[in-house]
Amino acid sequence: MTDKVEQAQPKTREARPANKRGAARLAAAQALYQMDVGGTPASSVISEFTAFRLGKELDGEQYRDADEQWFASIVRGVVADQKFLDPFIHTALTEDWPLKRIDSLLRAILRAGAYELLRRKDVPPKVIISEYIDVAKAFYQDDEPGLVNGILDRLAHDLRNSELDVPAPVSDEGDDADADGE
(Lines give C-alpha, C1' and ligand atoms only; values in the text may rest on other atoms or scores of the structure.)
Protein backbone atom coordinates (compact mmCIF):
# COMPACT_ATOMS: atom_id res chain seq x y z
CA MET A 1 0.00 0.00 0.00
CA THR A 2 1.35 3.43 -0.86
CA ASP A 3 1.13 6.49 1.32
CA LYS A 4 -1.22 9.11 -0.05
CA VAL A 5 0.27 12.60 -0.06
CA GLU A 6 -2.27 15.27 0.65
CA GLN A 7 -2.53 17.25 -2.57
CA ALA A 8 -2.30 21.03 -2.47
CA GLN A 9 -5.73 22.23 -3.53
CA PRO A 10 -6.49 25.72 -4.81
CA LYS A 11 -8.49 27.88 -2.42
CA THR A 12 -11.91 29.01 -3.53
CA ARG A 13 -11.51 32.65 -4.46
CA GLU A 14 -11.80 34.94 -7.42
CA ALA A 15 -9.05 34.38 -9.93
CA ARG A 16 -8.83 34.76 -13.66
CA PRO A 17 -10.02 31.64 -15.46
CA ALA A 18 -6.97 29.74 -16.62
CA ASN A 19 -6.33 28.85 -20.21
CA LYS A 20 -4.82 25.43 -20.98
CA ARG A 21 -1.29 26.61 -20.31
CA GLY A 22 -2.37 28.39 -17.13
CA ALA A 23 -4.05 25.20 -15.95
CA ALA A 24 -0.86 23.30 -16.82
CA ARG A 25 1.19 25.74 -14.72
CA LEU A 26 -1.14 25.31 -11.75
CA ALA A 27 -1.01 21.52 -12.09
CA ALA A 28 2.80 21.64 -12.43
CA ALA A 29 3.04 23.55 -9.14
CA GLN A 30 0.81 20.92 -7.49
CA ALA A 31 2.88 18.09 -8.99
CA LEU A 32 6.17 19.65 -7.90
CA TYR A 33 4.72 20.12 -4.42
CA GLN A 34 3.67 16.46 -4.34
CA MET A 35 7.15 15.40 -5.44
CA ASP A 36 8.80 17.61 -2.80
CA VAL A 37 6.59 16.48 0.09
CA GLY A 38 6.19 12.83 -0.86
CA GLY A 39 9.44 12.11 -2.64
CA THR A 40 7.50 10.81 -5.64
CA PRO A 41 9.46 10.52 -8.92
CA ALA A 42 8.57 12.91 -11.74
CA SER A 43 7.51 10.14 -14.11
CA SER A 44 4.98 8.79 -11.57
CA VAL A 45 3.53 12.21 -10.82
CA ILE A 46 3.26 13.11 -14.51
CA SER A 47 1.49 9.81 -15.23
CA GLU A 48 -0.88 10.29 -12.29
CA PHE A 49 -1.80 13.84 -13.28
CA THR A 50 -2.33 13.07 -16.96
CA ALA A 51 -4.37 9.93 -16.24
CA PHE A 52 -6.44 11.07 -13.26
CA ARG A 53 -6.35 14.84 -12.81
CA LEU A 54 -5.92 17.06 -15.85
CA GLY A 55 -9.40 17.72 -17.23
CA LYS A 56 -10.87 15.02 -14.96
CA GLU A 57 -13.10 14.94 -11.91
CA LEU A 58 -11.39 13.86 -8.70
CA ASP A 59 -13.05 13.70 -5.28
CA GLY A 60 -15.94 15.82 -6.55
CA GLU A 61 -13.63 18.51 -7.93
CA GLN A 62 -13.42 19.14 -11.66
CA TYR A 63 -9.87 19.85 -12.78
CA ARG A 64 -9.48 22.23 -15.69
CA ASP A 65 -8.40 20.85 -19.03
CA ALA A 66 -4.67 21.54 -19.33
CA ASP A 67 -1.98 21.39 -21.95
CA GLU A 68 -0.46 18.04 -20.97
CA GLN A 69 2.77 18.60 -22.89
CA TRP A 70 3.28 22.01 -21.29
CA PHE A 71 2.61 20.50 -17.85
CA ALA A 72 5.05 17.63 -18.38
CA SER A 73 7.76 19.90 -19.81
CA ILE A 74 7.60 22.16 -16.75
CA VAL A 75 7.78 19.26 -14.29
CA ARG A 76 10.60 17.51 -16.17
CA GLY A 77 12.42 20.80 -16.74
CA VAL A 78 12.34 21.81 -13.08
CA VAL A 79 13.69 18.39 -12.10
CA ALA A 80 16.45 18.55 -14.73
CA ASP A 81 17.46 22.13 -13.88
CA GLN A 82 16.84 22.14 -10.12
CA LYS A 83 20.56 22.23 -9.22
CA PHE A 84 20.77 25.52 -11.13
CA LEU A 85 17.31 26.87 -10.30
CA ASP A 86 17.52 26.64 -6.51
CA PRO A 87 20.74 28.67 -6.11
CA PHE A 88 19.45 31.12 -8.72
CA ILE A 89 16.17 31.65 -6.83
CA HIS A 90 18.20 31.96 -3.62
CA THR A 91 20.00 35.00 -5.11
CA ALA A 92 16.64 36.81 -5.30
CA LEU A 93 15.82 36.11 -1.65
CA THR A 94 17.02 37.98 1.40
CA GLU A 95 19.84 36.38 3.35
CA ASP A 96 17.61 35.53 6.30
CA TRP A 97 15.11 33.65 4.06
CA PRO A 98 16.90 30.84 2.24
CA LEU A 99 14.87 28.82 -0.26
CA LYS A 100 14.73 25.80 2.06
CA ARG A 101 12.86 27.94 4.62
CA ILE A 102 10.07 28.80 2.17
CA ASP A 103 6.83 26.79 2.18
CA SER A 104 6.97 23.74 -0.13
CA LEU A 105 4.14 24.90 -2.38
CA LEU A 106 5.56 28.40 -2.73
CA ARG A 107 8.95 26.85 -3.51
CA ALA A 108 7.30 24.76 -6.25
CA ILE A 109 5.69 27.87 -7.77
CA LEU A 110 9.01 29.73 -7.75
CA ARG A 111 10.88 26.80 -9.29
CA ALA A 112 8.33 26.44 -12.09
CA GLY A 113 8.37 30.18 -12.83
CA ALA A 114 12.16 30.34 -12.74
CA TYR A 115 12.35 27.34 -15.08
CA GLU A 116 10.08 29.04 -17.62
CA LEU A 117 12.03 32.29 -17.40
CA LEU A 118 15.24 30.35 -18.03
CA ARG A 119 14.12 27.93 -20.74
CA ARG A 120 10.91 29.20 -22.39
CA LYS A 121 12.24 32.08 -24.47
CA ASP A 122 9.12 31.82 -26.64
CA VAL A 123 7.01 33.19 -23.77
CA PRO A 124 7.44 36.84 -22.74
CA PRO A 125 8.75 37.22 -19.18
CA LYS A 126 5.82 39.44 -18.16
CA VAL A 127 3.40 36.68 -19.18
CA ILE A 128 5.30 34.10 -17.13
CA ILE A 129 5.37 36.36 -14.08
CA SER A 130 1.67 37.17 -14.38
CA GLU A 131 0.71 33.52 -14.79
CA TYR A 132 2.64 32.45 -11.68
CA ILE A 133 1.17 35.32 -9.66
CA ASP A 134 -2.23 33.86 -10.61
CA VAL A 135 -1.06 30.38 -9.55
CA ALA A 136 0.01 31.82 -6.18
CA LYS A 137 -3.36 33.60 -5.82
CA ALA A 138 -5.11 30.25 -6.29
CA PHE A 139 -3.47 29.00 -3.07
CA TYR A 140 -2.61 32.07 -0.99
CA GLN A 141 -4.47 35.16 0.14
CA ASP A 142 -1.76 37.10 1.92
CA ASP A 143 1.68 38.30 0.84
CA GLU A 144 2.76 35.26 -1.16
CA PRO A 145 1.54 36.44 -4.60
CA GLY A 146 3.51 39.66 -4.08
CA LEU A 147 6.54 37.62 -3.08
CA VAL A 148 6.21 35.54 -6.27
CA ASN A 149 5.95 38.77 -8.27
CA GLY A 150 9.04 40.29 -6.67
CA ILE A 151 11.22 37.21 -6.93
CA LEU A 152 10.27 36.29 -10.51
CA ASP A 153 10.62 39.93 -11.58
CA ARG A 154 14.13 40.05 -10.12
CA LEU A 155 15.02 36.78 -11.86
CA ALA A 156 13.52 38.02 -15.15
CA HIS A 157 15.70 41.13 -14.99
CA ASP A 158 18.75 38.93 -14.42
CA LEU A 159 17.89 36.50 -17.22
CA ARG A 160 15.95 38.48 -19.82
CA ASN A 161 16.36 42.16 -19.06
CA SER A 162 16.39 43.15 -22.74
CA GLU A 163 12.86 41.79 -23.14
CA LEU A 164 11.41 43.87 -20.32
CA ASP A 165 10.12 47.36 -21.01
CA VAL A 166 12.27 49.87 -19.23
CA PRO A 167 10.38 53.13 -18.67
CA ALA A 168 11.84 56.16 -20.41
CA PRO A 169 13.50 58.68 -18.09
CA VAL A 170 11.25 61.53 -17.05
CA SER A 171 12.20 64.75 -18.79
CA ASP A 172 12.83 67.85 -16.65
CA GLU A 173 12.65 70.21 -19.63
CA GLY A 174 9.53 71.95 -18.38
CA ASP A 175 11.23 72.74 -15.07
CA ASP A 176 14.35 74.20 -16.70
CA ALA A 177 12.50 77.30 -17.90
CA ASP A 178 11.51 78.11 -14.32
CA ALA A 179 15.08 77.49 -13.11
CA ASP A 180 16.37 80.28 -15.40
CA GLY A 181 14.39 82.80 -13.41
CA GLU A 182 11.63 83.29 -15.95
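**Entry 1: the chain as a whole**

I began with the contact pattern, and found that residues 24 or more positions apart account for 71% of the contacts in the protein chain with a separation of 6 or more. I note at once that I am working on a predicted model. The protein chain holds 7 helices and 2 strands, and when I read along the sequence their order comes out as α-α-β-β-α-α-α-α-α. I then looked up burial, and of the 182 residues in the protein chain, buried residues make up 42%.

**Entry 2: the nonpolar core**

I next asked which residues of the largest nonpolar core touch the most other members. This core has 55 residues, and those with the most such partners are Phe71, Val75, Ile109, Tyr132, Val148 and Leu155. I checked which helices contribute, and helix 1, helix 2 (42-52), helix 3, helix 4, helix 5 (125-139) and helix 6 (144-160) each supply at least two residues of this core. As background I wrote down that in soluble globular proteins nonpolar side chains tend to be buried together.

From that list I followed Ile109, and, leaving aside neighbours within four places in sequence, I found Ile109 in contact with Ala29, Tyr132, Val135, Ala136, Phe139, Tyr140 and Val148.

**Entry 3: helix 4**

I turned to helix 4 (residues 104-119) and compared its length with expectation: at 1.5 Å a residue its 16 residues should span 22 Å, and its end C-alpha atoms are 22 Å apart, which agrees. At the start of helix 4, I found a side-chain oxygen of Asp103 reaching to within 3.2 Å of the backbone nitrogen of Leu105. Is helix 4 enclosed or open? I recorded 14 of its 16 residues as buried, so helix 4 is largely enclosed by the rest of the structure.

I then took two residues of helix 4 one by one. Leu106, which has its place in helix 4, counts as buried at 5% relative accessibility. Setting aside neighbours within four places in sequence, I listed Tyr140, Glu144, Leu147 and Val148 as the contacts of Leu106. With one of these, Leu147, Leu106 is separated by 41 residues along the chain, and their C-alpha atoms are 9.3 Å apart.

Ala112 is also found in helix 4, and at 0% relative accessibility Ala112 counts as buried. Again without neighbours within four places in sequence, the contacts of Ala112 are Leu32, Ile74, Val78 and Tyr132. I also looked up the pair Ala112 and Gln82, which are 30 residues apart in sequence and 9.7 Å apart in space, C-alpha to C-alpha.

**Entry 4: Leu152 in helix 6**

Leu152 has its place in helix 6 and is buried, with a relative accessible area of 0%. Not counting residues up to four places away in sequence, I found that Leu152 touches Leu110, Gly113, Ala114, Leu117, Ile129 and Tyr132. I looked further at Ile129, which lies 23 residues from Leu152 along the chain, with a C-alpha separation of 6.1 Å.

**Entry 5: Arg25, a charged residue inside**

Where does Arg25 have its place? I located Arg25 in helix 1 (residues 20-38). With a relative accessibility of 3%, Arg25 counts as buried, since the cut-off for burial is under 20%. Leaving aside neighbours within four places in sequence, I found Arg25 in contact with Trp70, Ile74, Glu116, Val123, Glu131, Tyr132 and Val135, so far as the contact search goes.

**Entry 6: rings and charges**

I searched the whole structure for aromatic pairs and found 2. For one pair, the rings of Phe84 and Phe88 have their centres 5.5 Å apart and their planes at 15°, so I entered the pair as stacked, the cut-off for stacking being planes under 30 degrees apart. Phe84 and Phe88 both lie in helix 3 (residues 68-91), 4 residues apart, about one turn of the helix. I recalled here that an α-helix has 3.6 residues a turn, so residues three or four places apart point the same way. Phe84 is partly exposed, with a relative accessible area of 41%, whereas Phe88 is buried, with a relative accessible area of 13%.

Last, I looked for charges over rings. I found Arg21 over the face of Trp70, at 3.7 Å from the ring centre, and the charged end of Arg53 over the ring of Phe49, 4.9 Å from its centre.

Conventions
Residues are numbered from 1 along each chain as its sequence is written. This is a predicted model: local features need pLDDT of at least 70, side-chain atom pairs count only at pLDDT 80 or more; totals for chains, interfaces and linings use all residues. Side-chain values use heavy atoms; hydrogens and water are left out. Rings of Phe, Tyr and Trp (its six-membered ring) pair if their centres lie within 6.5 Å; planes under 30 degrees apart count as stacked, over 60 as edge-to-face and the rest as tilted. Buried means under 20% relative accessible area, exposed over 50%, partly exposed in between (1.4 Å probe, protein chains only). A charge sits over a ring if NZ of Lys or CZ of Arg is within 6 Å of the ring centre and within 35 degrees of the ring normal. The expected span of a helix is 1.5 Å times one less than its number of residues. A polar contact is a pair of N or O atoms within 3.5 Å; within protein, one must be able to donate a hydrogen and the other to accept it, and residues adjacent in sequence count only if both atoms are side-chain atoms. Contact means heavy atoms within 4.5 Å. A nonpolar core is a set of buried Ala, Val, Leu, Ile, Met, Phe, Trp, Tyr and Cys residues joined through side-chain atoms within 4.5 Å.
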